[in-house]
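I opened the notebook to check two things: cysteine pairing and aromatic contacts. The entries below follow the order in which I looked.

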Amino acid sequence: MTLDRLSHDDLIARERELDAAYRAFQEAGLALDLTRGKPSPAQLALSDGLGTLDGDLLAADGTDTRNYGGLDGLPEARALGAELLAVRPDEVIAGGNSSLTLMYLYLLNAWLRGPAGDGSAWRETPGGARFLCPVPGYDRHFTILEDLGIEMLPVPMRDDGPDMDLVEAQVQADPSIKGIWCVPKYSNPSGQIYSDETVDRLARLATVAGAHFRIMCDNAYAVHDLDDDPPPLASIMAACRRHGTEDSLVLFGSTSKITRAGAGISWVAGSAATLDWLRQRLGVLTIGPDKVNQLRHVRFLKDLAGIRAHMRRHAAILRPKFELVERRLSDGLGGEGMGAWTTPRGGYFVSFDALPGLATAIVTLAGDAGVKLTPAGATFPYGRDPDDANIRLAPSYPGLEELDQAMQVLVVCVQLASIRQRLDA
Ligand code: PLP
């Protein structure tokens, strides 16, 4: 029965039952963790074949991967990234172990020097530069902007991507808005895939926003499907080509959750002008990427079909975990009116929205019963969720048994917090 139909006496009785269940969890001395959005050891073992190159360290064009040079990365690594990000190989640079580093490099230099030549430095924006941030979103994206002092403006996510009516209206009204973050497939944490219309409207933004505006498009979960018939994502670069806005798009990806987290290849893609600009900045930062690692990856993964086959093996490990989370939430909270959650078809997270005002209380309750949850607010700029509702759940790392226990605790904490809120009302 939904919460609002329970009588006062029913609420008191349920609170007592739940409190007893909660205390039993506390006494069990649990130490569980649902915060880690990283691959489990079983997933990492899928890439054990990455080990050696059997002494053959020459790339296809004869490059000795052991030596310095090759700022753009190996041609075969660029070709792989081009397939993954749906761009041409000449539109992509293959980098080092982290796409986040490339994002920071890009934004730091856009702020310091400007993304579009003289006079475009974001730090010179009258009143300060601002950035649109779809929420809930990825905390590390927000940390970069906070680090640079770029003001973050939250934009709600809809089922098909950010609220584009609001995005367009804000861009139109405020020239100090210099860009927008996007995770277009299996958005972190809410799992949406941007619709064709959203992709097209994003690609059109620069026609209004002007030459200094950038779409920071982090396609971190491009191939991280849980089912065999994954929903497609339209090519954002193709949409930008249609509108003549290629310079506004900067695309990122990596193999962090394909092979080894923090030890794979990263990619950055963009127009010829964007890549020329980036080469100048990258050339100051480094003599070149780790080409040995790039070669190992290409030999191991081969091409997009190889990546997809590999990702099906990840899915076989991840799917039961996501199904378990869904089952526990719908068995425990379905029809109770105590929150809503996503059922993503890929990516790494389930996004849970508690009743407004309860996320912090639920995270605290769970923590006191030995289940660590991502801090409330972490998915919002400045760590401030105005509704105090969103909690990011990361089912990938724990084993099934541990995950099951953690979910049972979470469900009881949500029920308990919701009933107590109702009683206090
Ligand atoms: N982008 C998103 C959306 C992520 O969720 C993550 C990791 O969780 C990353 C980037 C990190 O990527 P990398 O390991 O390539 O720096």
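Entry 1, aromatic cluster. I started with the rings and found that Trp122, Phe131 and Trp181 form one aromatic cluster. I note here that the model is predicted.

Entry 2, aromatic pairs. I searched the whole structure and got five aromatic pairs. One of them is Trp341 with Phe352: the ring centres are 6.3 Å apart and the planes are at 20°, so I logged the pair as stacked. The pair links distant parts of the chain, with Trp341 in strand 10 (residues 339-341) and Phe352 in strand 11 (residues 350-354), 11 residues apart. I also looked up the accessibility of Phe352, which counts as buried at 0%.

Entry 3, charges over rings. I found the charged end of Lys257 over the ring of Tyr348, 4.6 Å from the ring centre. I found the charged end of Lys38 over the ring of Tyr397, 5.2 Å from the ring centre.

Entry 4, cysteines. How many disulfides does a search of the whole structure find? I got zero. I then asked why Cys217 has no bond to Cys182. The Cys217 sulfur has its closest cysteine sulfur in Cys182, and at 5.5 Å that is too far for a bond, because the cut-off for a disulfide is within 2.5 Å. For Cys133 the closest cysteine sulfur is also in Cys182, at 10 Å, again too far for a bond.

Entry 5, cysteine accessibility. Are Cys133 and Cys217 buried or exposed? I recorded Cys133 as buried, at 0% relative accessibility. Cys217 counts as buried too, at 0%.

Key:
Residues numbered from 1 in each chain as written. Predicted model: local features only at pLDDT ≥ 70, side-chain atom pairs only at ≥ 80, totals over all residues. Heavy atoms only, no water. Buried < 20%, exposed > 50% of the residue type's maximum accessible area, 1.4 Å probe, protein only. Phe/Tyr/Trp six-rings, centres within 6.5 Å; stacked < 30°, edge-to-face > 60°. Helix = DSSP H or I, 4+ residues; strand = E, 2+ residues; numbered from the N terminus. Lys NZ or Arg CZ within 6 Å of the ring centre and 35° of its normal.
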